[in-house]
Amino acid sequence: MFAKQFRKHGQVQLSRYLRPFHSGDIVDIVADSGEQKGMPHKYYQGRTGVVYSVFPRAVGVIVHKTVGNRKIEKRVSVRVEHVRHSKCRDNFVNRVKANAAAKHAAKEKGEHVFLKRQPAQPRAEHTITVGENKPVTLAPQPYDTYI
């Protein structure tokens, strides 16, 4: 679970320490076995949470844990080596920026723009011919052990 990738062993990269974290950031907890201090419990490996506090060498992360039939808010202190910014909101933020640009362009032209996402539509109709595509009859093969 905490094994490092091929040719990625050794000390933690310095860029890991230079990432700025702020309260409200969405982060992924991914333990780095190159640094054992401040390592989260294995339950939190791969979990996503929200930063609620920033300390000199660590961040406080709120993670929701399922216990029985309810979700409990857990506050976990994790060193910055074991935390990275989550990419779960990237698509949303990019879509908001694209929608704003489309609205601005449509407003300049004086037209209305439809920005709602559409679910996947059914496939278009098509005809299947059996002239050159003869049907193939499939039959189950008998079970046999080749020992």
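The paragraphs below walk through a predicted model of a protein, from its overall build to its strands and then to some single residues.

Taken as a whole, the protein has a secondary structure that comes to one helix and five strands, and when these elements are read along the sequence they follow the pattern β-β-β-β-β-α. The overall dimensions deserve a careful look at the start, since the radius of gyration of the protein is 26 Å, whereas a compact globule of 147 residues would have one near 15 Å. The C-alpha atoms, taken along the principal axes, fill a box of roughly 75 × 75 × 40 Å. Of the 147 residues, 19% count as buried, and the protein exposes about 12600 Å², of which carbon and sulfur atoms supply 54%. Among the contacts with a separation of 6 or more, 49% are accounted for by residues that lie 24 or more positions apart. As for charge, the protein has 27 positive and 12 negative side chains, and the centres of these two sets lie 8 Å apart.

With that outline in place, the strands can be followed through their pairings. Strand β1, which covers residues 26-29, is joined by three bridges to strand β2, residues 48-54, and the two run antiparallel. Within this pairing, I26 has V50 in β2 as its bridge partner, while D28 has T48 as its partner in that strand. Strand β1 also pairs with strand β5, residues 83-85, again through three bridges and with the strands running antiparallel; here I29 stands opposite V83 in β5. Strand β1 therefore has a pairing with β2 and another with β5, each of them counted as a pair on the rule that at least two bridges are found between two strands.

From β2 the path leads on to strand β3, residues 58-67, which runs antiparallel to β2 and is joined to it by four bridges. V51 stands opposite V61 in β3, and the connection between the two strands is a hairpin that passes through three residues. Strand β3 is in turn joined by ten bridges to strand β4, residues 70-79, and these strands run antiparallel as well. One of the partnerships here links A58 to R79 in β4. A hairpin with two residues between the strands is formed by β3 and β4, and G68, which lies in the turn, has a positive phi of about 65 degrees. In any regular strand, the side chains alternate between the two faces of the sheet.

Two residues outside the strands show how the surroundings of β1 and β2 are arranged. G24 has its place in the segment before β1. Is G24 buried, exposed or partly exposed? G24 is partly exposed, because its relative accessible area is 48%, which lies between the limits of 20% and 50%. Leaving aside neighbours within four places in sequence, G24 is in contact with V50 and V51. G24 and G49 are 25 residues apart in sequence, and their C-alpha atoms are 9.4 Å apart in space. Y44, by contrast, has its place in the loop between β1 and β2, and it counts as buried because its relative accessibility of 9% is under 20%. The contacts of Y44, again without neighbours within four places in sequence, are with I29, V63, K65, K74 and V76. Y44 and H64 are 20 residues apart in sequence, with their C-alpha atoms 9.8 Å apart.

The last stop is at residues towards the two sides of the strand region in sequence. R7 is found in the segment before β1, and its phi is near 60 degrees, a positive value in a residue other than glycine. Most residues other than glycine have a negative phi. R7 counts as exposed because its relative accessible area, 70%, is over 50%. Q118 is found in the segment after α1, the helix of residues 90-109, and it too is exposed, since its relative accessibility is 51% and the limit is over 50%. How far apart are the C-alpha atoms of Q118 and K4? They are separated by 41 Å, for two residues that stand 114 residues apart along the chain.

Conventions
Residues numbered from 1 in each chain as written. Predicted model: local features only at pLDDT ≥ 70, side-chain atom pairs only at ≥ 80, totals over all residues. Heavy atoms only, no water. Rg over C-alpha atoms; globule rule 2.2 N^0.38 Å. Buried < 20%, exposed > 50% of the residue type's maximum accessible area, 1.4 Å probe, protein only. Contact = heavy atoms within 4.5 Å. Areas by Shrake-Rupley, 256 points an atom, 1.4 Å probe, with all protein chains shown as cover. Lys, Arg positive; Asp, Glu negative; His and termini not counted. Charge placed at Lys NZ, Arg CZ, Asp CG, Glu CD.
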